[in-house]
Amino acid sequence: MDADVQLGADGARALARALDEPGVLAVAPERDLELAGRPWAVRAYYRVWTRLPEVRRGLFGRGVVGVGAEGHRRLRALPPVIADDLAASQAFAPAERRVVASARVTVHPPRTWGDLLRRRVRAVRGTGELEASDAAQAAGSARTGTRDLLAMARRDPGSSRRWRCSRPSR
């Protein structure tokens, strides 16, 4: 569990129960982003980011990943990389991981555009590091491609207008 997130006891129990489901080796909670007081550009970034298919399906970016004994063995075998939550997510096939709707975590995104850019640079570096490792050869990629963005636009054609954020009125 990352230090900058909040998960209640009920959420932790829901994650533990989900690990009892047959075939489930890794779990994570749904994320609630605390965007109050963040600049419009940070809010706009997260409005798009949270809609990306891999972001919705993956265990990364939630600050919490729960595993049972078999999942723990798999995580121990991973190389040390910056993108540890992405590596943890990709260590499991989609059928082996579960995002648990009844468990909610509060994530505190960066407070400034500069902080978000620094976090994104670190994430891109970490993704590249992971993709260069042997562990990534079997896991595939979680990168968002043009095809993903086009599919998002087709599903919700008006969404691109909503992604543009105006400055809050005073």
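Start by selecting helices α2 and α6 in this predicted model: the two pack at an angle of about 40°, and their axes lie 8 Å apart. That angle makes α2 oblique to α6. If you wonder how such a pair is described, two packed helices are characterised by the angle between their axes and the distance between the axes.

Next, show the side chains where these helices touch. On α2, pick Ala41, Val42, Tyr45 and Tyr46. On α6, pick Trp113, Leu116, Arg119 and Arg120. Try colouring them by class: the contact of α2 with α6 has six nonpolar residues, two charged ones and no polar ones.

Now turn to the largest pocket, which has a volume of about 1,200 Å³. Which residues should you select to find its centre? Of the 44 residues that line this pocket, the closest to the centre are Phe60, Gly61, Asp85, Arg120 and Ala123. You have met Arg120 already, in the contact between α2 and α6.

Select α2 (40-49), α3 (53-57), α5 (84-90) and α6 (113-132) next, as these elements each give two or more residues to the pocket lining. Which of the elements gives the most? Helix α6 does, with eight residues. Colour the whole lining by class and you will find 29 nonpolar, 10 charged and five polar residues.

Finally, zoom out and switch to a cartoon view. The protein chain has nine helices and four strands, and from the N terminus on they run β-α-β-α-α-β-α-α-β-α-α-α-α. Of the 170 residues in the chain, 35% are buried. Among contacts with a separation of 6 or more, 78% come from residues 24 or more positions apart.

Conventions:
Residues are numbered from 1 along each chain as its sequence is written. This is a predicted model: local features need pLDDT of at least 70, side-chain atom pairs count only at pLDDT 80 or more; totals for chains, interfaces and linings use all residues. Side-chain values use heavy atoms; hydrogens and water are left out. On a 1 Å grid over the protein atoms alone, a cavity is a set of points where a 1.4 Å probe fits but cannot get out, and a pocket is an open set with protein on both sides within 12 Å along at least five of seven lines; lining residues have an atom within 4 Å of a point. Grid points are joined across faces, edges and corners, and a volume is the space filled by probe spheres set on the points. Ala, Val, Leu, Ile, Met, Phe, Trp, Tyr, Cys and Pro count as nonpolar, Asp, Glu, Lys and Arg as charged, and the others, Gly among them, as polar. Axes are lines fitted to C-alpha atoms, for helices over the stretch in contact, and angles run from 0 to 180 degrees between N-to-C directions. Angles under 35 degrees count as roughly parallel, over 145 as roughly antiparallel, 65 to 115 as roughly perpendicular and the rest as oblique. Contact means heavy atoms within 4.5 Å. Buried means under 20% relative accessible area, exposed over 50%, partly exposed in between (1.4 Å probe, protein chains only).
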